[in-house]
Amino acid sequence: MSVASEFGLRATFPDHPTTAAARSEVKRLLARAFSATSQASLITDARQRILHVSGSFTAITGYDEAELLGQDCRILQGPGSDPGVTAAIRRALSYGESYEGDILNYRKDGSPFWNSLSIRPLRDEAGTITHFVSVQRDVTARMAHQEQLRFQAGHDPVTGLPNRRALDQHLSSRRPAEGAVLAMIDVVALRSINSTFGYEAGDSLLKQLGRRMRELLADGDFLACLGGDLFAVVLENIDGGTRLEDELARLHEAVQTPFSFTDLNQDCTIDLSMGLARITGDGTTGFLFHQADAALRRAREGRPAGPWWTLAPDVPEEAVDRDVDGVGDLPDVGDLSTGRSDREQLFAGGLSMFMQPVLDLRTGRLSRVEALARLTLSDGTVIPPARFLPALDDADLDELFRRGLNEALRCLARWDDGGLSTSVSVNISPSTLRNPDCPRWVSNAMRRHGIAPDRLGLELLETLAVESEVQIEAIDRLLRLGVGLALDDLGSGYSSLQRLFALPFDTIKLDRGLLVEIRSRPVETLSLVSALTQMGRDFGVSVVIEGLEDAGMAEAASVLGVSLGQGYFFARPMPADEVPGWVAGFTFPLRADAVQSALGALAYHWQFLRWASPHPTVLAGCPLTDFISLHSTTAAAARWHAHQHGQAPDPVYGQMLADWLVDLVRDGPLGE
C-alpha cells in the first residue's frame, strides 16, 4: 500500500495488515510519516473533522495538535477569507472532488497568511470517501510580491498615487454624472527645483504635494500622478460658476504653505497651472485628455500674470466627430426616436461620403482619401456618425457599407474624368464580413465604376477579433480580388496586435489616441510611435498615422519615418466635390531640409540620443542648428548641440538638450 505519493511522500506497507497490532503500527507509522514532511499536512474524516496534523502545520498556524483534533478546518478562516473561495472548497468536497487554490487564512494569534491548498479525497474499495488529505503551503511572500507588482502597475513610483492606467480605468468605469471635470495640473518650475536642490528634493516635493491635494479633495474625487510634474484629478459634482471656482481655490491651498526639505533645512514655495475639460460622455477618453491638455497649455502661456487655471470650451460637434468616424466603440443611443428618424433619412437619400486626404509625408503628394459616412439633412445640416450609427443593426451596417462603397467608387471615376487619379479606403464592420455576399458586393461595385482593385482599400474597424470561418473566408476572397486590407486601430489595444499577426493586412493605421499626450509626455509618445512604425516596416506594410492636428505633430511623424499621415492640420473631411479643388490649391507645409517646430526638433534629436549616436551631418548643415539659433536666448543649447556632432557625444549634454526641447514642446504655443 502506497500513501500520499502525489504530495512527494511515499510509505509502503503490507496491503492487508493481519493483526490489530500490525494495523496499529501502520497508523503510527503514517502519523510519523506525515509529521516528518516539511509541508503542512492534515487528515480529516469524511465529515471534514481533523484527525491528524503534521508538525509543520502546527508551526505555521500556531495551534497545538490538541486544539485542532476534532475541529473543522474552517477554524483557520476569518474576515478576509474570500467567501467565493470558501464556497468553492465546500462545493468540491461535497461532490467528492479534489480542490487546489489559494485562500487567506488566519493563525491562532489572528495574524493573516496566504495558504496554498491541495485537497484530495481518499476512498475505500467500494468507492466511498473515508478521508480527505490536505497539503498546505504558506505562500504569503509570493502573494505579497504579486500584490506589489499589481500596485506598481497602477501607481506612480514617486508619489504612490494612481497612475495614468488607473485613471483611464476610473474614467471608463465611473457612472455618468452631471458637473464632472477632468483637471490636468502642472507643477510650475519643478525642473528648476531639481537643478537647485537635487532630484531627491523634487521627489519629496511631489510626495508632499500629492498628500496635500488628496486631503483637500471631496469624497468621490480621484487624484492621479501621470509622471514627472503632471497630476490629474477628476472632480465630481461641479455645477460650474461659483462652485467650480470655490473648489479650485480650495485645491490651490495645497501650495499656499511652503514645502520643507528636512535634509536641506530649506523651504520652497511653488505654484500650479491647471487645465480643465468637462466630462460630458459625448467624446472618448482620449479626446477628453486632449481638451484638458490644451487648456493646461493655455494656462501655462498666461502665467505669471494670468489666472492659474483655464477651462476648455465646450466641444463643438465637429471636434467630437474626429473620434467617431469609425464603426466601432459606438456611444449609447440617447433619443431612440431621433435615431430611427436619422436611420430613415440616411437610407432615403441622405447618405453622403466625405473625403479626408491621406498624404505622403515624404513628398507631400496625395496618396489616397478615406471615405467617411455623413448624414446630410434636407436643410444642408451635416450629421456625424455618432448620432446615426447607434441606431443601425447589422443589416443596416451592411446596407451602409454597400451604399458608401458605391458612392466612394463613383467619386473616383468622376475624378478620373477630371484628371485626378487616386485611391480610396472605405470602413467595413466585422459584422459585414459575416455576410457571405460581401465579396460579391465589392467585386460588382468595382466593375460597375471601372475601378481597379489596387485602388480600393478596406479598413477593418472595431477592436473585436475576426473569428468566424465566414469572416476569414470573406477576407480571403476579398484579397483574391486584389483589394487592400488595413488595420485601423493599431495602438488602441492588445487585440489589435493579435489581429496584425493573424490577418494579412497591407496597411496599418496608428490610432489618433497615441498623440493625445504628445505635449505633456512627448518623449514617451515619440518612442511609442517610433516602435509601432518600425513594427510596420518589419511586417512589410504601409503605415498611416491619424490625428495630425498641428505642424509639430506632422513634422515629428515625418522625422520618425511614418510614411503616410492624415489629420486636421492638412485637411478636414470634405464633400467629395471639393477634393479636386483642394488638391490643386494645396501646398505641403513641411520641409525635408529643416525642422520648424519644437516637436520636430525633439524627434530629430531623440532618434540619435536613444542610441547614443552622434548627429550624422556637419554642424552647419544640421537641421537643428537654425532652429536653435531662432529659439534659444542663451548659448547653452547651441553648446549642448555642438557636442552631439563629435565622434562620441557626451550623453549628459545630449540629455540636457533633450530636456530643453521638452520644455519648448510643453510651453510652446497651441497649434504650433
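**A tour of the chain, stop by stop**

Begin by selecting L276 and L311, since L311, in β12, is the bridge partner of L276. Strands, like helices, are DSSP runs numbered from the N terminus (at least two residues of type E for a strand, at least four of type H or I for a helix), and two strands are said to pair if DSSP finds at least two bridges between them. The model is a predicted one, in which local features need pLDDT of at least 70 and side-chain atom pairs count only at pLDDT 80 or more, whereas totals for chains, interfaces and linings use all residues. Residues are numbered from 1 along each chain as its sequence is written, and side-chain values use heavy atoms, with hydrogens and water left out.

**The mixed sheet**

Widen the selection to strand β11 (residues 272–278), which is joined to β12 by 3 bridges and runs parallel to it. Both strands belong to an open sheet of 5 strands, to be followed in the order β7-β8-β6-β11-β12, whose pairing is mixed. At its edges stand β7 (222–227) and β12 (309–311), each of which pairs on one side only. Neighbouring strands of this sheet are turned against each other by 20 degrees on average, direction ignored, where axes are lines fitted to C-alpha atoms (for helices over the stretch in contact) and angles run from 0 to 180 degrees between N-to-C directions.

**The antiparallel sheet**

Now move to another open sheet of 5 strands, which has antiparallel pairing and the order β2-β1-β5-β4-β3. Its edge strands are β2 (50–53) and β3, each pairing on one side only, and the twist from one strand to the next averages 30 degrees.

Which helices lie on this sheet? Helix α4 (residues 83–94) packs on it, touching β3, β4 and β5, and makes about 135 degrees with the direction of β3; contact here means heavy atoms within 4.5 Å. Helix α5 (residues 140–154) packs on the sheet too, touching β3, β4 and β5, with its direction at about 125 degrees to that of β4.

Within the sheet, colour strand β3 (residues 99–106) and strand β4 (residues 112–123), which pair in the antiparallel sense over 8 bridges, and find D102 opposite S116 in β4. The hairpin of these two strands has 5 residues between them, and in it G110 takes a positive phi near 90 degrees. On the way to strand β5 (residues 129–138), which β4 joins antiparallel through 9 bridges, the hairpin of β4 and β5 again has 5 residues between the strands, and there G127 takes a positive phi near 90 degrees. Across this pair, R120 stands opposite V133 in β5, and S118 stands opposite V135 in β5.

**Two crossing helices**

Next select helix α19 (residues 522–539) and helix α22 (residues 598–609), which pack at an angle of about 65 degrees with their axes 11 Å apart. Their crossing is right-handed, meaning that the near helix is turned clockwise from the far one by less than a right angle, while anticlockwise would be left-handed. Show P522, V523, L526, S527 and S530 of α19 with L599, L602, A603 and W606 of α22 to see the residues that make the contact. By class, this contact has 7 nonpolar, 2 polar and no charged residues (Ala, Val, Leu, Ile, Met, Phe, Trp, Tyr, Cys and Pro count as nonpolar, Asp, Glu, Lys and Arg as charged, and the others, Gly among them, as polar).

**A buried loop residue**

Turn to S563, in the loop between α20 (551–559) and β21 (564–565). Is S563 buried or exposed? It counts as buried because its relative accessibility is 13%, the limits being under 20% relative accessible area for buried, over 50% for exposed and partly exposed in between (1.4 Å probe, protein chains only). Not counting residues up to four places away in sequence, S563 touches L359, D360, L361, R362 and V543.

**The cores**

Finish with the largest nonpolar core, which has 95 residues, and in which M355 and L456 have the most contacts; such a core is a set of buried Ala, Val, Leu, Ile, Met, Phe, Trp, Tyr and Cys residues joined through side-chain atoms within 4.5 Å. Its largest share, 10 residues, comes from helix α14 (residues 394–417). A second, separate core of 33 residues includes L161, M213, F261 and C268.
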